[in-house]
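Let's take a walk through a protein together. Have a look at the sequence and the 3D view, and then we can go through some of the details.

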Amino acid sequence: MDFTDLATSRRGFLALGAAGAALASVGLPAVAARVATRAKIVIVGAGAAGTAMANRLVERLDGAQITVIDARAEHLYQPGLTLVAAGLKPASYTRSRTTDWLPQGVTLITQSATAIDPVAKTVDTSGGQTIAYDFLIVAPGLVLDHDAIEGFSLDMVGTNGIGALYAGPEYAARTWAAAQAFTENGGVGVFTRPATEMKCAGAPLKHAFLIDDIASRTVGAGKYKIEYAANNASLFGVPIVSEKVRMLFDERNIHANYSHVLKAVDAGRKVATFATPDGDTEMGYDYLHVIPPQRAPDVIRQSGLSWADRWTDQGWVEVDMKTLRHLRYPEVFALGDVAGVPKGKTAASVKWMVPVVEDHLVAALSDSEGTAEYDGYTSCPLITRVGRAMLIEFDYNNNLVPSFPGLIAPLEELWISWLMKEVALKATYNAMLRGKA
Amino acid sequence: MQNLTLQTLIAVFEEIFGRALFWAMVAGAAIVTIAYVYVLVRDRSVSMRKFLLAQISMPFGALAGVVFVQAMTSSHLRDIGGPVDVLVLLGVAFIGAIGVAILVYTAQSLFFRSQSSDDG
């Protein structure tokens, strides 16, 4: 057999080279025109939303003064906390430095925003600075109100069977220490979620599924029981997903307690108290996963940016749900957890929100109207055991909006969805932070 | 998924294997490919004996690919949940098989040339 002609043909090599170049050029993002401006843009918060926004604005604007205000030196990859709390990743997996992600050409003020005056258009910082803005992007994230759970404090996490994975990487690791003891010794595991809006509402379910799966392979069936306390009459905000989760719970013998909101913990007796429509009820536990109520930071609530008639106990920013622009102060936008929209407290939402705000902001700087709209898209790789997940994607209307229709079924437990969560998600997130996805 | 660019794909692979391992694997794959093309051009023929050994090595390459990906992703064969998972698994096995076959063929050509240079 002689392949000499193919191997040594110059034309063949040229054709291969051309094919390679064509492949490389496919999928390169279109470059939008840059806009010249002297505008002062302030971004409060250097989390996923603030950082992605800063990177995109630097790409789009020439001459803008972009200031990012955030006191935290550490950036947290929050979607990874679930994996840390199941012993699948170390705490360091979720950590990086804020400055690693911020672009050249922005000013980072490492203080917290203490006051916002949307009339005078200024932001005060904890260091006593007052920063004026032409446009303000509010993206400080949210606050976990641990004090709202009577008898609970964060120093309890990791001991006496108490976990709280949302509180940060160290707490997620300590959560695993408590959960691991449960998976080895058995008993009753109680998994909760708050009655407020919360970031990634799938996370409480993921934790329950993961710990159940691990316990089934360590201590074994019959030696442990999982109680899931849902805050209302469903297990997930999207009805069709809620039904699927209910079926999986039945399959795995996970018992759902509807309309049970955790209000107090008695760590000495290992008893949790829940508020229910029929009054308070107690549940004994060997492992308790606490997720506290979640609210907008005080600075937002005190600045008058919050909704006056919705989520009044939580204080989310009053924005148009499609443009994320403040309804009373058009030069203010909100992004990420703090935005007062019906869905969207995930990194996937941020990925879709940021280009919308970018479009409207850049349009305003060029005296035109933006056209982009956020439809409430969010996605949740809903882990159902180690090695499998359901890729749930939905919008404001609770429609399932699968990215790969016909290929990856949203309500099917798949290995490929797990691969996405475990390996592809962080990379996509990192690309988003850099404004590239 | 809003958009999938080459840049995003590279970032994904860097994350899967770690930046150093990923680029080391890319470099390794490039070196083997270049060496493969080199031996094809040099020998101006395909040796069927080397090709046979390369083919025999393919199942081992397929298995190694699958084991490698599952070890990297805390998963197991029991996690295959639907047709798309089977396709992904077969894809991984296929890539492992082809990669090892090329590697084995090239290694034979580079290191055992005198023994088999006349069997094409």
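Leaving aside its neighbours within four places in sequence, which residues is A:I41 in contact with? Keep in mind as you look that this is a predicted model. The partners of A:I41 are A:L57, A:L61, A:A64, A:Q65, A:I66, A:T67, A:F135, A:I137, A:L361 and A:L365.

**The nonpolar cores**

A:I41 also belongs to a bigger picture. The largest nonpolar core has 128 residues, and the members that touch the most other members are A:I41, A:L57, A:I137 and A:L335. Helix α10 of chain A, residues 347–365, gives the most to this core, contributing 9 residues. Where does this core lie with respect to domain 1 and domain 2 of chain A? Domain 1 (35–71 + 110–142 + 296–365) and domain 2 (146–293) both give residues to the core, so it lies between them. Apart from it there is another core, of 16 residues, including A:I149, A:F152, A:I162 and A:Y285. As a general background, nonpolar side chains in soluble globular proteins tend to be buried together.

**An annotated stretch**

An unreviewed UniProt entry lists residues 40–142 of chain A as "domain: FAD/NAD(P)-binding". Over residues 40–142, chain A is 20% helix and 37% strand. The C-alpha atoms at the ends of this stretch are 25 Å apart.

**Two helices that meet**

Two packed helices are described by the angle between their axes and the distance between the axes. Try this on helix α3 (residues 48–60) and helix α11 (residues 415–433), both of chain A: their axes come within 7 Å and cross at roughly 50°. An angle that is neither under 35 degrees, nor over 145, nor from 65 to 115 counts as oblique, and α3(A) and α11(A) are therefore oblique to each other. Which residues meet here? From α3(A) come A:A48, A:T51, A:A52 and A:N55, and they meet A:Y429, A:M432 and A:L433 of α11(A).

**Two positive phi angles**

Finally, here are two residues to find in loops, one in chain A and one in chain B. A:N398 has a positive phi although it is not a glycine, and B:R44, also a residue other than glycine, has a positive value too.

| Residue | Phi | Loop | Relative accessibility |
|---|---|---|---|
| A:N398 | about 65° | between β24 (388–394) and α11 of chain A | 26%, partly exposed |
| B:R44 | near 55° | between α2 (19–43) and α3 (48–72) of chain B | 46%, partly exposed |

How values were computed:
Residues numbered from 1 in each chain as written. Chains lettered and ligands numbered in written order. Predicted model: local features only at pLDDT ≥ 70, side-chain atom pairs only at ≥ 80, totals over all residues. Heavy atoms only, no water. UniProt positions renumbered as here; feature names shortened; annotations may be inferred. Helix = DSSP H or I, 4+ residues; strand = E, 2+ residues; numbered from the N terminus. Core = buried A, V, L, I, M, F, W, Y, C linked by side-chain atoms within 4.5 Å. Buried < 20%, exposed > 50% of the residue type's maximum accessible area, 1.4 Å probe, protein only. Domains from an automatic or database assignment. Contact = heavy atoms within 4.5 Å. Axes fitted to C-alpha atoms, helices over the stretch in contact; angles between N-to-C directions.
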